[in-house]
Amino acid sequence: MTSSSFQLPPKFFAVVIGGTGGIGAAIVDEFLHHGASVTATGATAAEVSAAAHQGREGLSVEILDITDDGAVTEFAAARTHVDCLVNAAGILRRDAEYDLSVFQAVIDVNLTGTMRTCLAFQAALAASEGSIVNIASMNAFAALPRLPAYCASKGGVVMLTRALAHAWADQGIRVNAVAPGYIETPLNAEGRKDKAHYDRIAARTALGRWGQPEEISATVAFLCMPGAGYITGSVFSVDGGFLAG
């Protein structure tokens, strides 16, 4: 392989769903670093206005409710050329997910929302022979009792990724997933205030620490590069070795 195998092609256009904070924002930054043009989404006006990378060259940030079929369809239809779709939007509701309505709300964002955007962008990705990268989770494989909906949704994202990889391979669309471990993001900021909890998690990983969002984003970018052209239906664990032992 040449060095160009590990670069994004010229005039690369990415859509990052849930790209205003945490891992999603790091993915946006990674694409911009590689010279791509990016559209990122946030679920609310507050999320969009608070996006740290708002106003950067090559980036647009828009509001998108991925539980709204019509909004997702309209959003996708406005973009005629897309090289990569990244599904990084996700929610969790610790302890409350045993309420069925909360359970369904988490599934609707994390799993059904992922399917909505994949379907909406299928035609554009087929035209560009592009790729999809879904953000799953280590908790697709290692369950947490306080997060039944989150764990179930991320397990669903893994199997959805594999199913779509087979279903859409003949259209030239590659579909992969990245499964982060314990990454320091706003989603877990409250829990990280408990030093005993924080240290216990760090000690449990092979590398002895929590991860950073940019350690996820590099893997996502690689999966969109020519060097990853024979990778589809795969799930990459980026968890500091948590699941290894």
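Which helices and strands each supply at least two residues of the lining of the largest pocket? They are H1, S2, helix H2 (45–50), helix H5 (148–168) and helix H6 (195–204). This is a predicted model, and the briefing below walks through its pockets, its nonpolar cores, helix H7, its cysteines and a handful of individual residues. A good place to keep an eye on is H1, which gives the most to the lining of the largest pocket and also contributes the largest share of the largest nonpolar core.

**The largest pocket**

- The space in the largest pocket comes to about 1300 Å³.
- Its lining is made up of 48 residues, and Gly90, Leu92, Thr185, Leu187 and Asn188 are the ones that lie nearest the centre.
- By residue type, the lining of the largest pocket holds 25 nonpolar, 16 polar and seven charged residues.
- Three residues of this lining come from H1, the element that gives the most.

**The second largest pocket**

- Next comes a pocket with a volume of about 180 Å³, the second largest.
- It is lined by 14 residues, with Pro9, Phe12, Glu129, Gly130 and Cys224 closest to its centre.
- Six nonpolar, four polar and four charged residues make up the lining of the second largest pocket.
- Two of the residues named here turn up again below: Glu129 has a positive phi, and Cys224 is buried.

**The nonpolar cores**

- The largest nonpolar core contains 31 residues, and Ile27, Phe31, Val86 and Val220 have the most contacts inside it.
- Strand S1 (13–17), H1, strand S2 (37–42), strand S3 (59–63), S4, S5 and H7 are the elements that give two or more residues to this core.
- H1 supplies five residues, the largest share of this core.
- Looking past its neighbours within four places in sequence, you will find Ile27 in contact with Val16, Val86, Ala88, Ile135, Ser217 and Val220.
- Another core lies apart from this one; it has 23 residues, including Leu64, Phe75, Phe121 and Ala124.

**Helix H7 and its partners**

- H7 spans residues 214–223, and its buried residues are Ile216, Ser217, Thr219, Val220, Ala221 and Leu223.
- Those buried residues pack against helix H1 (22–33) as well as four strands: S4 (84–87), S5 (131–135), S6 (174–180) and S7 (235–238).
- Two of the buried residues in H7, Ser217 and Val220, are also among the contacts of Ile27.
- An α-helix has 3.6 residues a turn, so residues three or four places apart point the same way.

**Cysteines**

- How many disulfides does the model have? The count is zero.
- Cys151 is buried, because its relative accessibility of 10% falls under the 20% cut-off.
- Cys224 is buried too, with a relative accessible area of 7%.

**Positive phi away from glycine**

- Lys11 is not a glycine, yet its phi is positive, near 55 degrees.
- Lys11 sits in the segment before S1 and counts as exposed, because its relative accessibility of 80% is over 50%.
- Glu129 also has a positive phi, of about 50 degrees, without being a glycine.
- Glu129 belongs to the loop between helix H4 (100–128) and S5, and with a relative accessible area of 59% Glu129 is exposed.

**Two residues to look up: Thr39 and Gly240**

- Is Thr39 buried or exposed? Thr39 is buried, with a relative accessible area of 3%, and its place is in strand S2.
- Beyond residues up to four places away in sequence, Thr39 touches Phe13, Ala14, Val15, Val16, Ser60, Glu62, Phe75 and Arg79.
- Thr39 and Ala78 are 39 residues apart along the chain, and 11 Å separates their C-alpha atoms.
- Gly240 is found in the segment after S7, where it is partly exposed at a relative accessible area of 25%.
- Setting aside residues up to four places away in sequence, Gly240 touches Thr205, Ala206 and Leu207.
- Between the C-alpha atoms of Gly240 and Ala120, which are 120 residues apart along the chain, the separation is 34 Å.

Methods: Residues are numbered from 1 along each chain as its sequence is written. This is a predicted model: local features need pLDDT of at least 70, side-chain atom pairs count only at pLDDT 80 or more; totals for chains, interfaces and linings use all residues. Side-chain values use heavy atoms; hydrogens and water are left out. A disulfide is a pair of cysteine sulfur atoms within 2.5 Å. Buried means under 20% relative accessible area, exposed over 50%, partly exposed in between (1.4 Å probe, protein chains only). Contact means heavy atoms within 4.5 Å. A nonpolar core is a set of buried Ala, Val, Leu, Ile, Met, Phe, Trp, Tyr and Cys residues joined through side-chain atoms within 4.5 Å. On a 1 Å grid over the protein atoms alone, a cavity is a set of points where a 1.4 Å probe fits but cannot get out, and a pocket is an open set with protein on both sides within 12 Å along at least five of seven lines; lining residues have an atom within 4 Å of a point. Grid points are joined across faces, edges and corners, and a volume is the space filled by probe spheres set on the points. Ala, Val, Leu, Ile, Met, Phe, Trp, Tyr, Cys and Pro count as nonpolar, Asp, Glu, Lys and Arg as charged, and the others, Gly among them, as polar.
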